[in-house]
Amino acid sequence: LFLSVCRLKSSVSFLTRPDRPNLAYHKLKGRNPGIIFLPGLNSNMNGQKAIALEDFCNSLGHAFIRFDYTGCGSSNGNIEECTIGKWRKDVLSILDELTDGPQILVGSSLGGWLMLHAAMARPDKVAALVGVAVAADHLVTTFNRLPIEAQKEIEEKGEWKLPTKHSEEGYYSVTYDFIREAENHCVLNSPIPVTCPIRLIHGMKDDDVPWQISMQVANRVLSKDVDVILRKVGQHRMSEKEDTKLLVNTVDDLIDKLTTLA
């Protein structure tokens, strides 16, 4: 564990941006297609899925990047000032500044929402998508389903305590302004103009993000090359050994597919 922590801390680099906070990242050089991991809400680049993918890419000789959004992990910035729009720009900064050639984006939970935006904004660069428990529009949808009284109370307080078992407090603190801004980035109300190959993995025992969202994404994207893989006993984080193996194998298959097409 000590060696693992040392490896994670010693290898962090920073993407400096003149008009935005610096982003912490770790990059493996290698051949294309490269892989980029997009973490979920209140997560960072040192999660189990990110490290498993890095080890896999290292063994295969493929390029790989994991990074922290603004205000998260080792990146600069204040998380309370963050929005979906700002994190979307973070993903595009990583794509534009740190990569050359085709990339496969692997998005976990909220990262799956952001990967769809990146694919729309950079269709020439994003060659394929892999979503794990994709949370497209989920925060906005969940908020809008609250009773009107609860919504008004959140608006007055400026804070929404979103219940979760993944934090010590038992909730994630989300600002009211974050929800209002996120409404500008909802994707499930109309066709999603993404045409690259897409693989969506979701656990049916996910208590945070319903697996039906992955089905909605599959239905909305314009791509015809879409597979949805449901794990009957899979939880939200999909962190069991077999879940990680499935993720790595899914990425491996896409690498083969893209390499054959090239």
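This report walks through a predicted model of a protein chain, from its overall build to its strands, pockets and cysteines.

**Overall build**

Let us start with the whole chain. Its secondary structure comes to nine helices and ten strands. The radius of gyration is 18 Å, close to the 18 Å that the globule rule gives for 262 residues, so the chain is as compact as a globular protein of that length. If you are setting up a box around the model, the C-alpha atoms fill one of roughly 55 × 40 × 35 Å, taken along the principal axes. As for burial, 51% of the 262 residues count as buried.

**Strands and their partners**

Next come the strands, beginning at the N-terminal end. Strand β1 covers residues 13-17 and strand β2 covers residues 20-28; the two run antiparallel. They make a hairpin, with two residues between them. Within this pairing, F14 stands opposite A24 of β2. Strand β2 also pairs with β4, residues 62-67, and here too the strands run antiparallel. In that second pairing, Y25 faces F67 of β4.

Further along the chain, β7 and β8 form another antiparallel pair. Both strands have two distinct faces. On β7, W160 and L162 make up the covered face, while E159, K161 and P163 sit on the uncovered one. On β8, which spans residues 171-175, the covered face holds Y172 and V174, and the uncovered face holds Y171, S173 and T175. The bridges tie the covered residues of the two strands together: W160 has V174 as its partner in β8, and L162 has Y172.

The three pairings can be set side by side:

| Strand pair | Direction | Bridges |
|---|---|---|
| β1 and β2 | antiparallel | four bridges |
| β2 and β4 | antiparallel | four bridges |
| β7 and β8 | antiparallel | five bridges |

**The largest pocket**

For anyone thinking about open space in the model, the largest pocket has a volume of about 670 Å³. Its lining counts 29 residues, and those nearest the centre are L41, H166, Y172, H236 and R237. Y172 is a familiar name by now, as it also belongs to the covered face of β8.

Which elements each supply at least two residues of this lining? They are α2 (48-60), α4 (110-121), α5 (138-144) and β7 (159-163). Of the elements, α5 gives the most, with three residues. In chemical character, the lining divides into eleven nonpolar, 14 polar and four charged residues.

**One enclosed cavity**

Turning from open to enclosed space, a search of the whole structure finds one cavity of 30 Å³ or more. About 30 Å³ of space lies inside it. The residues lining this cavity are K49, V132, I201, M238, D243 and L247. By class, four of them are nonpolar, none is polar and two are charged.

**Cysteines without disulfides**

How many disulfides does a search of the whole structure find? The count is zero. Two cysteines show what this looks like at the level of single residues. C196 is in no disulfide, and the nearest cysteine sulfur, that of C57, is 17 Å away. C186 is in a similar position: the closest cysteine sulfur, in C82, is 18 Å from its own, which is too far for a bond because a disulfide needs the two sulfur atoms within 2.5 Å.

Are these two cysteines buried or exposed? C196 has a relative accessible area of 10%, so it is buried. C186, at 24% relative accessibility, counts as partly exposed. The cut-off explains the split, because buried means under 20% relative accessible area.

**A loop residue**

One last stop is M204, which lies in the loop between β9 (198-203) and α8 (212-220). Its relative accessible area is 35%, so M204 is partly exposed; that class runs between the buried limit of 20% and the exposed limit of 50%. M204 and A118 are 86 residues apart along the chain, and their C-alpha atoms are separated by 26 Å. A118 falls within the range of α4 (110-121), one of the elements that supply at least two residues to the lining of the largest pocket.

Key: Residues are numbered from 1 along each chain as its sequence is written. This is a predicted model: local features need pLDDT of at least 70, side-chain atom pairs count only at pLDDT 80 or more; totals for chains, interfaces and linings use all residues. Side-chain values use heavy atoms; hydrogens and water are left out. On a 1 Å grid over the protein atoms alone, a cavity is a set of points where a 1.4 Å probe fits but cannot get out, and a pocket is an open set with protein on both sides within 12 Å along at least five of seven lines; lining residues have an atom within 4 Å of a point. Grid points are joined across faces, edges and corners, and a volume is the space filled by probe spheres set on the points. Ala, Val, Leu, Ile, Met, Phe, Trp, Tyr, Cys and Pro count as nonpolar, Asp, Glu, Lys and Arg as charged, and the others, Gly among them, as polar. Buried means under 20% relative accessible area, exposed over 50%, partly exposed in between (1.4 Å probe, protein chains only). Two strands pair if DSSP finds at least two bridges between them. The radius of gyration is taken over C-alpha atoms; the globule rule is 2.2 Å times the number of residues to the power 0.38.
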